Amino acid sequence: MDGLSLNATIFDDETEEFDIDGECGMSEYVGQSGVLEGKNPVPPDVGMEFETYEDVYYFYNCYAKVHGFGVRVSNTWYRKSRERYRGKLSCSSAGFKKKSEANRPRPETRTGCPAMIKFRLMENRRWRIIEVELEHNHLIHPSTEKFYKSHRNNSSGSKRPLKMNGNQEAQKIRLFRTVIIDPDDDRKLNIDEGELRNTIDQSNNHLILKPGDAQAILSFFTDLQLVNPDFFYVLDLNEKGCLRNVFWAEARFKATYGYFGDVVRIDTACLISKYEVPLVIFAGVNHHGQSVPLGCGLVAGETVESFIWLLRAWLTYMVGRPPQTIIIDQSRAMQTAIADVLPWASHCISLSHIMKKVPEELGGLDEYEVIKKTFTKSIYQSSRTDEFEAAWENMMLCYGIRDHKWLQTLHEDRKHWVPVYLKDTFLAGMFSVTLREREASSPFDEYLSNRTPLKEFLDGYDQCVKEIYQREALADSESSNPSCMLKSRFYFEMQLSKIYTNHIFDKFQIEIEGIFSCLSTRQVGIDGEIITYLVKEREVENVNEARDYEVAFNTTVAEVLCACGLFNLEGFLCRHALCVLSQDGFEEIPAQYILSRWRKDIHRSYVLDYGCNFIDTKNPVHRYDNLYKCAVKLVEEGRKSHERYKFTLEALGEILNRVSLQDHNTL
């Protein structure tokens, strides 16, 4: 497992980076010698809690090894009962040696280094870090060849197995429950977590597992780690040690997030519809408009506490970089959790989810069919906010439904789900802005129903993921050999037929066809470099009516902004903007309006770049992990064409023969 850096850059664009505020659970990776494997997820920080004194030492020692310094136990405080209650770990260069009277005393190697951590035993019987100093007064380097005493037993073996607790089959894996505090932000949760726990129904305080489910989870994680050393998971236990929440992700999920993490859908349909598998899915949409997984979780219930835990676990794995936009189902608990964990991201409520609830919530009304039609029209046909507000108010008055609680809630949240309010929010086509379109579904929709048992889902998970990746590979192949027919003589269409994937180009062609519905484009104002146009378009439902769309155009930097907001909603220019560009003599679409996320000519490698980590070649696990990572890169290259596949296969066979010959010569 590679270490997680909370400030690593994933996106190409330059935006602010954020630390995570609050408590998150991280799995403990412990070898046979009791030492953490790989890099620690975060540096030691005030507030981190550990199960035992030894766990604190293991954590700091692994951090020290990765960063190139040794560790010494400076002090340990004991009570009269000989129970340890306080400790201090320091850099091995801390302090100075006592002066020796020998004729040839050894040279001084210590520097009085101040780097250290202090920790103490708390009332909850966990060890908490209470003071940290990370700065050294001497040079350190991660790849240092110096061998420190504290690292001698730092060999990594297999990860500590999960233990089962009798009838409950409760996982007893030990966790580092970490409090990561942003030094620039002293925000605290608006929720008292102690009070919150007391108000939670006990059924929501642990996963409801059937006999064998716990063992299935254990086998699931074990099997995935055997084939993928970078598989990541976190378990959350309640006060009684029962499994409460789970999060897992594969290395490919993180790589995918680097390309398509601008807009993320958090799918909680399994919770809302009471599936047997309480699955929460983090999903994005790839360059073919396909839903792709970015993380998975199992939660005990739809509670703020569970969602906060899950979001923090996911964000920690995604190195602390939030997406631009989060799309969620209608859930107060999830909205509260997102406001706390992801306050920087725009959050939207799934319009598709709301429309599915219309029959359930409004079906009992006397004039349901008419109300439904009016409701739908106010949402999809309002081009301005005042137009929507007037249509909504008219609906309330005409049908006497002002006191309907669900409609009241919708109106309170209107800025998060009504398309006219979301024109300035980038949604990458993951939001149904018209009646003709549907939001991207969950990547596991075809493999999971409300009666699918947990063991069955886990058994089929690997095949599900493989089929998701195969669909993308097939779409890549089809887009590389396009057979699309051009529908106009606009060079815009020819230009993007060579750049966009087939799926996105098909959607863009709808806008090309829409140009012929635009009756006129006239200039109505000039303000410095900005020219304002009105584009008149014939209505689709009523050809005798037309609507004006205002388009602002900056001639100096070739920036165009249409009131319909399609570019933010879908990620490509609308017919109205194309009309203005055409009238101003542009034959090509400006580069800033051709997003890399839709391009087919960009090579996307889903193998993470691990850098030059320090590898202990004497350790078989380190050797395996490093060779595996290299082999995966080779496989990624070899799958790209039939010729590469044949060459790679032959080369691998030759390497295998040479390795076998080497073993024979050694014997």
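# Exercises on a predicted model

A nonpolar surface patch of about 320 Å² is formed by L634, L652, I655 and V659. The model is predicted. Work through the tasks with the structure open.

## Exercise 1: The patch

Find which helix gives the nonpolar patch its largest share. Then place L634 and state its exposure.

**Solution.**
- Step 1. Look at helix α18, residues 642–666. Three residues of the patch come from this helix, the largest share.
- Step 2. Turn to L634. This residue sits in helix α17, residues 620–638.
- Step 3. Check the cover on L634. Its relative accessibility is 36%, so L634 counts as partly exposed.

## Exercise 2: Salt bridges

How many salt bridges does the count give? Describe the pairs R265–D329, R312–D340 and R644–E637.

**Solution.**
- Step 1. Start with the total. The count comes to 31 salt bridges.
- Step 2. Take R265 and D329. Their closest N and O atoms are 2.9 Å apart. R265 belongs to strand β10 (263–267), and D329 to the loop between β13 (325–328) and α7 (332–341). The pair therefore ties together parts that are 64 residues apart in sequence.
- Step 3. Test burial; the cut-off is under 20% relative accessible area. R265 has 12%, so R265 is buried. D329 has 3%, so D329 is buried.
- Step 4. Take R312 and D340. Their side chains meet in a salt bridge at 2.9 Å, N to O. R312 lies in helix α6 (304–317) and D340 in helix α7, so this pair ties together parts 28 residues apart in sequence. Both R312 and D340 are buried.
- Step 5. Take R644 and E637. They meet at 2.7 Å, N to O. R644 is partly exposed at 40% relative accessible area. E637 is also partly exposed, at 35%.
- Step 6. Finish with a network. E49, E51, R126 and R128 are joined into one by salt bridges that share partners.

## Exercise 3: Positive phi

What are the phi values of R82 and A558? Is each residue buried or exposed?

**Solution.**
- Step 1. Recall the background. Most residues other than glycine have a negative phi.
- Step 2. Read R82. Its phi is near 70°, a positive value. R82 is in the loop between β3 (71–78) and β4 (84–91). With 62% relative accessible area, R82 is exposed.
- Step 3. Read A558. Its phi is positive too, about 55°. A558 is in the loop between β17 (546–554) and β18 (559–562). With 12% relative accessible area, A558 is buried.

## Exercise 4: Helix α9

Which residues of α9 are buried, and what do they pack against?

**Solution.**
- Step 1. Gauge the helix. α9 covers residues 368–380, 13 in number. It reaches 18 Å from first C-alpha to last, close to the 18 Å expected.
- Step 2. List the buried residues: Y368, I371, F375, T376, S378, I379 and Y380.
- Step 3. Find their neighbours. The buried residues of α9 pack against α8 (351–362), α10 (385–399) and α11 (405–412).

## Exercise 5: A buried arginine

Where is R244, and which backbone oxygen does its side chain reach?

**Solution.**
- Step 1. Place R244. It is in strand β9, residues 243–249.
- Step 2. Check burial. R244 has 3% relative accessibility, so it counts as buried.
- Step 3. Follow the side chain of R244. It reaches the backbone oxygen of L237 at 3.1 Å.

Conventions:
Residues numbered from 1 in each chain as written. Predicted model: local features only at pLDDT ≥ 70, side-chain atom pairs only at ≥ 80, totals over all residues. Heavy atoms only, no water. Helix = DSSP H or I, 4+ residues; strand = E, 2+ residues; numbered from the N terminus. Buried < 20%, exposed > 50% of the residue type's maximum accessible area, 1.4 Å probe, protein only. Polar contact = N/O pair within 3.5 Å; in protein donor to acceptor, adjacent residues only side chain to side chain. Expected span 1.5 Å × (residues − 1). Contact = heavy atoms within 4.5 Å. Patch = residues over 30% accessible without salt bridge, like charges linked within 9 Å, V, L, I, M, F, W, Y side chains within 5 Å. Areas by Shrake-Rupley, 256 points an atom, 1.4 Å probe, with all protein chains shown as cover. Salt bridge = Lys/Arg side-chain N within 4 Å of Asp/Glu carboxyl O.
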